[in-house]
Amino acid sequence: MTCASCVRRVETAAAKVPGVVSSSVNFATKKLTVEPAEGFSAKTLGAAIKKVGYDIAPDRQEFVVEGLRGEADAERLTAILEAVATTVDVKVDAAAGKVAVKTIGGRRERDALVETAKLAGFALTTPKPHDHSAHRDHSQHHGHHQGHGQMAAAGESGGHDHMQHAGEEGALKRDLTIAAILTAPLFVLEMGGHLYEPMHHWLMGIIDTQNLYYIYFALATAVIFGPGLRFLKTGFPALLRGAPEMNSLVALGVTAAYLYSVVATFAPDLLPEEAQFVYYEAATVIVTLILTGRLLEARASGRTGDAIRKLMSLQAKTARVERDGATIDISPEDLVAGDIVVIRPGERLAVDGEVVEGSSYVDESMISGEPVPVEKTVGATVVGGTINKTGAFKFKATKVGADTMLSQIIRMVEEAQGSKLPIQLLVDRVTALFVPVVIAIAVLTFIVWAIFGPEPAYTFALVNAVAVLIIACPCAMGLATPTSIMVGTGRAAELGVLFRKGQALQELRSAQIVVVDKTGTVTKGRPELTDLVVAEGFADNEVLALVAAVEGRSEHPIAEAIVRAAEDRGLAAGEGLEPPAVENFESVTGYGIAATVNGRRVEVGADRYMAKLGHSVDIFAEAAARLGDEGKTPLYAAIDGRLAAAIAVADPLKPSSVTAIRALQAMGIEVAMVTGDNERTADAIARQVGISRVVAEVLPEGKVKAIHEMRAGGKVLAFVGDGINDAPALAEADIGIAVGTGTDVAIESADVVLVGGDLLGAVNAIEMSRATMRNIKENLFWAFGYNVALIPVAAGVLYPAFGITLSPMIGAGAMALSSVFVLANALRLKRAKVAHREVTS
């Protein structure tokens, strides 16, 4: 696929295939995405795409198969695997016990093949790494089109794309070298003679004009039918099908200049004497310059996929598991949920899981952005792709294959990069008509110059018509949007922002209101001990240790927070301390709890409990007033009959919430809070972070109602939340932004996911949306402006007034540079700065 005109053609062909609900082509990634339904067949899709002149490049999956007993079983397995909708081709080698399957759809389709074979009694496993046959045969992949189901994971296609891209770049480099070597003498001799008269006389003195034309003919033929053959092989068939594209323009322009020159060389009498000139140098320079542009374009577009390759490099190559009493190394693809995985110091985790033995510190910076390794002990959750530091541990695999967090991140990034913004649909409609219109302009240019042009009229007609064909550049228009999306979403992923839907990338820049949930979004989402004010004669740690011992017998969330605080300070049992002796525990409903700890009487509860016990809380009146202003209700502790402390447990702010909300307001965005929590607590939190508009004590449907009211007047609204109760609001908002540490339901309902769980991610998301859309506008302005300005110049509109025409060689250079400019501008997004780079979890 070589130009934007191809996009509409491939999409239309795919959409007509039975079982395809919708189809979308991303010109930058050269990928076709289809949404399959009942009756879908990859073979049928491949045939339909081939019919319009393109090929899909399937993934080649290789397996070792167990359970084959002969050719009959091999035929049965072949039929079973061919029945999978995403299968393109199956080869079963019964003697070697190997299976090779060509599929579209990526990692999930590999899993589907394994499951399908398993149901039929065959076990498919990944070949061992040392088995050379396991290496994928990339020589089987040809063409520039990767078809993949919309449900496919990105994991497996990325490596294939990278190898295919490297092969394409190598072929372009070879062809350009040959073309440049053959074109250089032709260009120097022909143009040198025109520009420097002594050289012309010297040349005519050593060789006559006719023999010189023969040399030009030989060199030009070698260039056009050697390195330039790629343009003819795709351009003319497309033209004959009535679907001309970029290669058709190049093929027509080059062939017209070449054939005119051939006539002037071998049958000059067919042309008027004043028109007997050759344009071999124009034809060869056009081929060379366009190959140069394609090579630069290939190098630049290869860099647009860096984000996916970086993510894929985080995947472990092997996994060490315990099976049948032995520890063995296997491919991560063969891990199943429930496997016990052994991790040694410095190793990368293959899948997600839960620690069952040992402890260590794990570098989770790829998920959280935090550079400090996180301690992992028994019961802790670990994530595939993260790196173990110094300790060793075992964990039970809970999510494998396409279900791991890393695979989901890769899939979300690739889906975002492959998505189409509403603005791209208009561009596609324009580019679908662009090439036929350019050919019509070129024909009209030839006719007008041939009839009304000065002598030699045919020469002027030919040169200007070729210039029109060569200078037109639908590639720049086609690349303008998808390359910016690829680089922008990749940069956003590096900042911990995943755009699940491309439309969100376009809409988020226009957000006028950002509505945030409180719990888990602005606050940490779990109670913590925030204040401990002790009376004279008591020490902090002494009081906390005694209160935690009593609260350890309670199951209340507040009790858990106090016990956790004691553990963090090393005051709880199991931290090298003997368990305290807790006796006579009693719970007084509605008041508090009491017990005897190591012989000391401890009572903990509300102010009414202290009053019931005869203790005045007046000594803490000032602290209680402050806590009340912060939305916290104080508890009190009495020890041995004396009031000892005021304690506050609350859901504290995330460290960056104040900074994030101020940043949003500085961007001109109104920030509001909608929460199910009580109004007093919500107002207190809102005051701390600087939010003036608060809707509290609402159920999920109340949040939806609040969103309706807030965006009255057509305001664009984004909602940020993390819980199951936020799912309706996330779906209702113009842009739903889910905090990545939240529930799966919330993430599935959202358009954007903040991986680190930090509200600063929302600021980064809006900044990247604005930067990307600004970049797209710059690209479109250049791409359309270039064509609108230069096609008329190439046609000769400046000649009557200024005597200016445009050489096809200059047109070829300008056309090549236009695509390179668009790509280079898009790549600037890789260095896009955001105000708040560090995102913490």
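**View 1. D324, an exposed loop residue in the predicted model.** The relative accessible area of D324 is 84%, which is over the 50% cut-off and therefore places this residue in the exposed class. D324 sits in the loop that runs between strand 8 (319-323) and strand 9 (326-330). Its backbone is marked by a phi near 55°, a positive value in a residue that is not glycine.

**View 2. E697, a residue other than glycine with positive phi.** The phi angle of E697 is near 55°, and the residue belongs to the loop between strand 25 (693-695) and helix 25 (700-710). The computed relative accessibility of E697 is 52%, so that E697, too, counts as exposed.

**View 3. The cis peptide bond between E455 and P456.** Omega for the bond leading from E455 to P456 is near -5°, and the bond is accordingly cis. P456 is located in the loop between helix 14 (422-452) and helix 15 (457-471).

**View 4. A nonpolar patch on the surface, with its largest share from helix 14.** The patch is formed by V443, L444, F446, I447, V448, I451, F452 and Y458, which together present about 800 Å² of accessible area. Helix 14 supplies seven residues, the largest share of the patch. One of the patch members, I451, lies in helix 14 and has a relative accessibility of 57%, so it counts as exposed.

Technical notes: Residues are numbered from 1 along each chain as its sequence is written. This is a predicted model: local features need pLDDT of at least 70, side-chain atom pairs count only at pLDDT 80 or more; totals for chains, interfaces and linings use all residues. Side-chain values use heavy atoms; hydrogens and water are left out. Helices (H or I, at least four residues) and strands (E, at least two) are DSSP runs, numbered from the N terminus. Buried means under 20% relative accessible area, exposed over 50%, partly exposed in between (1.4 Å probe, protein chains only). Patches are made of residues with over 30% relative accessible area and no salt bridge: like charges are joined within 9 Å, nonpolar side chains (Val, Leu, Ile, Met, Phe, Trp, Tyr) within 5 Å. Accessible areas come from the Shrake-Rupley method with a 1.4 Å probe; for residues, only the protein chains shown count as cover. A salt bridge is a side-chain nitrogen of Lys or Arg within 4 Å of a carboxyl oxygen of Asp or Glu.
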